[in-house]
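Hi,

Here is the structure I promised to pass on. Have a look at it first, and then read my notes underneath.

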Amino acid sequence: MDLLLTILGYIFLALIIIAIIVFFALRYFFSKIKGMESVFEPIELEVDSKPKWITKPEVKALVSEFEELGFKPHRVYKETNMKIKPMILANAARDQFGELYETPKEIVIGFCTETRDGMSLNVTTTKLADTFAIKPNKITESYPEDNIVELYDKFKVLMADQQLNVIKDEQFDNYLQEQMNKEMQGKYEYHEIPLWQDGEEVFVERWSAHHQNKIDLYETYEVLSSQAMQKVENEIEDDLDQAEDLSVATHSKYEYKFIIFNPRLHKAGFCGYLNDEFDCWSDITSKRLEELSEESVNAVDFFERFKAEYPQLKFKKFYSVTKPIKAELWGYEDPDEEDES
């Protein structure tokens, strides 16, 4: 009996130890999750009046190099939720800015400016930026091995003869915070995102003027069009809940199973959008979608070929929207759900 009680005691003690370990493990896990979530919260810049990190020898050396090019320290901010400590340097005209960021892993340097037509031009040493990074109204070129002088030489080539915006000192904090949050959240106005076939030529001409390869630009346009369609779809999904002229039955049937269509859509971008929509469907492959797209004259022809190729989807136009873009909504049925019923 005593032996049994001893064994039970050990088991009880072991369970308590396991429970304590699990408790602290879960606590650590959820604290990590909370920390990760905070990274995606809006950035709030706060000026650091006594930044210690800028007294480090390597930082002081970099600041001296910036100053030789005419860029003097302008603002130093406290560490943001992105775990970076930003120092911004400015030229006398306040239309070009140097960037010096201390991160947990490295010190990043760069230059940035904004043209009067709203184009953001950037060069940087961070490896997180793609060498060919194009976003609506933004170009970023990454040169991880360059020093400040080499980086500035490439920055001057990127600026060419552009007319630049002047950012007044009293506006700078709010301006930078707004730009950083726009970059983080990816909230671009839809008219800035390329959606239309007839906008491709304008897009390519616009960026090729900034020394970009036209072949790469065509491919980039397709990707951006596809990504923009996903954003549009997400916004429409949210708005459908408030559509008073849409029956409950129809809304329930097509709430998450619809395609956005406008005759002007960029054909290749529309192809990418369909590929994302049906990426889990084994009978709809990327290869076949690309073949249908190449065989088609435009988005209208492509969509008709797609519907004919997959009649089991039973497409039906069930609604129209005017925002964020003017478009028809085509609902479809999932054959697998039908089989299960």
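Below is what turned up, starting with the backbone and ending at the surface.

Please keep in mind that this is a predicted model.

First, a peptide bond to look at: the one from lysine 323 to proline 324 is cis, with omega near 0°. To find it, go to the loop between β9 (316-321) and β10 (327-331), where proline 324 lies.

Next, two residues that have a positive phi without being glycine. Alanine 160 has a phi near 50°, and you'll find alanine 160 in the loop that runs between α3 (148-159) and α4 (169-185). Lysine 314 also has a positive phi, of about 50°; this lysine 314 sits in the loop between α10 (299-309) and β9.

How exposed are they? Alanine 160 has a relative accessible area of 48%, so it counts as partly exposed. Lysine 314 comes out at 43% relative accessibility, so that one is partly exposed too.

Now the surface. Asp216, Glu219, Glu222, Glu290 and Glu294 form a negative patch there. Two helices, α6 (214-240) and α9 (286-295), each give two or more residues to that patch. Which element gives the most? That would be α6, with three residues.

If you want one patch residue to click on, try glutamate 290 in helix α9. Its relative accessible area is 45%, so glutamate 290 is partly exposed, since that label covers values between 20% and 50%.

Cheers

Note on methods
Residues are numbered from 1 along each chain as its sequence is written. This is a predicted model: local features need pLDDT of at least 70, side-chain atom pairs count only at pLDDT 80 or more; totals for chains, interfaces and linings use all residues. Side-chain values use heavy atoms; hydrogens and water are left out. Helices (H or I, at least four residues) and strands (E, at least two) are DSSP runs, numbered from the N terminus. Buried means under 20% relative accessible area, exposed over 50%, partly exposed in between (1.4 Å probe, protein chains only). Patches are made of residues with over 30% relative accessible area and no salt bridge: like charges are joined within 9 Å, nonpolar side chains (Val, Leu, Ile, Met, Phe, Trp, Tyr) within 5 Å. Accessible areas come from the Shrake-Rupley method with a 1.4 Å probe; for residues, only the protein chains shown count as cover. A salt bridge is a side-chain nitrogen of Lys or Arg within 4 Å of a carboxyl oxygen of Asp or Glu. Lys and Arg count as positive and Asp and Glu as negative; His and the chain ends are not counted. The place of a charge is taken as NZ of Lys, CZ of Arg, CG of Asp or CD of Glu.
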